[in-house]
Amino acid sequence: MRILLTNDDGIHAEGLASLERVARTLSDDVWVVAPEQDQSGYAHSLSISEPLRLRKIGEKHFAVRGTPTDCVIMGVKKILPGAPDLILSGINSGANIADDVTYSGTVAGAMEGALLGIRSIALSQGYSYVGEDRVVPYETTEVLAPALLKKLVATPLPDGVLLNVNFPNCLPEEVAGTVVTSQGKLVHSLWVDERRDGRGLPYYWLRFGREPVEGKQGTDLHALRNRLVSVTPLQLDLTAHEIRDQLSKALA
């Protein structure tokens with residue numbers, strides 16, 4: 001089995017090195033094509049207004065000056081000697097659940113793989129802060145992912161479906177199990193934080209604000225809060241099929 005790895009945290013991210021160790025429990029034919037720099041929040045974006053720069057950093061390891069989507073396209077269509085059998089995107093520093101899925105470059109890497117007809121799985125790890133330091137227990141994903149991936153790879157999926165897997169913020173032995181979930185709903189918003197540079201000129205940061213959410217049972221939010229691994233099947237078809245008839249009647 002040929003496996004292509006990518007992420008959105010960048011080629012030197014700790015989570016990518018951890019994912020490679022996971023992938024090597026499944027196959028010896030593992031390729032890494034990841035962004036040169038952090039591309040978090042770039043979602044399913046393409047670089048079409050500037051060239052892609054490619055840099056080989058080791059055997060079967062390449063960095064692309066572009067987005068996770070660019071990396072998957074370059075890997076499949078340019079770098080690898082043949083199409084991969086599996087694309088793994090991650091391990092992201094932080095969960096990709098609920099509405100955050102729409103922003104996630106990690107999920108987008110798997111999304112592009114699904115568009116190309118390749119089985120694709122995104123993996124993310126919850127974290128916490130100790131003081132000002134982010135603490136990400138990648139060992140949880142690293143310990144649990146190999147057995148889980150073997151089951152997921154053996155499970156048939158329809159065309160246009162990818163899997164979004166999130167691991168809870170706890171030690172491997174504290175994980176309560178694995179559940180199949182749906183996307184939850186966060187209560188959050190973005191606001192613009194205005195600041196001043198050294199010359200007194202304004203610049204801006206987008207910042208998240210969130211309110212506590214319990215998360216309905218069966219959602220990815222509820223799973224992670226209860227120390228469960230969440231496996232969410234996502235589909236590329238964004239059509240709201242349930243209101244097609246209603247719209248047709250309204251336009252008749």
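**The annotated stretch**

I began with residues 3–185: over that stretch the chain is 27% helix and 28% strand. I also looked up the two ends of the stretch, and their C-alpha atoms are 32 Å apart. I picked these limits from the UniProt record, where an unreviewed entry places the feature "domain: Survival protein SurE-like phosphatase/nucleotidase" at residues 3–185. Note to self: I'm looking at a predicted model.

**The listed binding site**

Which residues does UniProt list for "binding site"? The unreviewed entry gives D8, D9, S40 and N92. I wondered why these four belong together on one list. They span 85 residues in sequence, yet no two of their C-alpha atoms are more than 9.1 Å apart, so they gather at one spot.

I took D8 next. I found D8 in the loop between β1 (2–6) and α1 (14–23). Is D8 buried or exposed? D8 has 2% relative accessibility, and the cut-off for buried is under 20%, so D8 counts as buried.

Then I listed the company D8 keeps, skipping its neighbours within four places in sequence. Among its contacts are P35, Q37, D38, Q39, S40 and G41. The list for D8 also includes P68, N92, S104, G105 and T106. So two other names from the UniProt list, S40 and N92, turn up among the contacts of D8. I checked G105 separately: the side chain of D8 reaches the backbone nitrogen of G105 at 3.3 Å.

S40 came after that. S40 is in the loop between β2 (29–35) and β3 (54–58). Its relative accessible area is 37%, and that makes S40 partly exposed. Leaving out neighbours within four places in sequence, I found S40 in contact with D8 and D9. D8 and D9 are on the UniProt list as well.

**Helix α1**

How many of the 10 residues of α1 are buried? I got 7, and the helix is mostly covered. The buried ones are G15, L16, S18, L19, E20, V22 and A23. What do they pack against? I noted the strands β1, β2, β4, β5 (86–93) and β6 (119–125), plus the helix α4 (138–153).

I stopped at E20, which sits in helix α1. E20 has a relative accessible area of 15%, so under the 20% cut-off E20 is buried. Not counting residues up to four places away in sequence, E20 touches L5, V30, V32 and H61.

**The β3–β4 hairpin**

H61 led me to the next entry. β3 and strand β4 (residues 61–64) pair in the antiparallel sense over 4 bridges. I looked for the bridge partner of G58 in β4, and it is H61. That is the H61 that E20 touches.

The hairpin of β3 and β4 has 2 residues between the strands, and K60 takes a positive phi there, near 65°. I made a note of this backbone angle since K60 is not a glycine. K60 is in the loop between β3 and β4. With a relative accessible area of 21%, K60 is partly exposed.

**Other backbone entries**

Which other residue did I write down for a positive phi? A98, with phi near 50°, and A98 is a residue other than glycine. I found A98 in the loop between β5 and α3 (105–115). Its relative accessibility is 0%, so A98 counts as buried.

I also looked at the peptide bond from G90 to I91. That bond is cis, with omega near -15°. I91 is in strand β5.

**Rings**

How many aromatic pairs does a search of the whole structure find? I got 1. The pair is Y127 and Y129, edge-to-face, with 5.7 Å centre to centre and 85° between the planes. Y127 is partly exposed, with a relative accessible area of 29%. Y129, at 48% relative accessibility, also counts as partly exposed.

One last entry for Y127: R134 lies over the face of this ring, at 4.1 Å from the ring centre.

Technical notes: Residues numbered from 1 in each chain as written. Predicted model: local features only at pLDDT ≥ 70, side-chain atom pairs only at ≥ 80, totals over all residues. Heavy atoms only, no water. UniProt positions renumbered as here; feature names shortened; annotations may be inferred. Buried < 20%, exposed > 50% of the residue type's maximum accessible area, 1.4 Å probe, protein only. Contact = heavy atoms within 4.5 Å. Polar contact = N/O pair within 3.5 Å; in protein donor to acceptor, adjacent residues only side chain to side chain. Phe/Tyr/Trp six-rings, centres within 6.5 Å; stacked < 30°, edge-to-face > 60°. Lys NZ or Arg CZ within 6 Å of the ring centre and 35° of its normal. Pairing = 2+ DSSP bridges.
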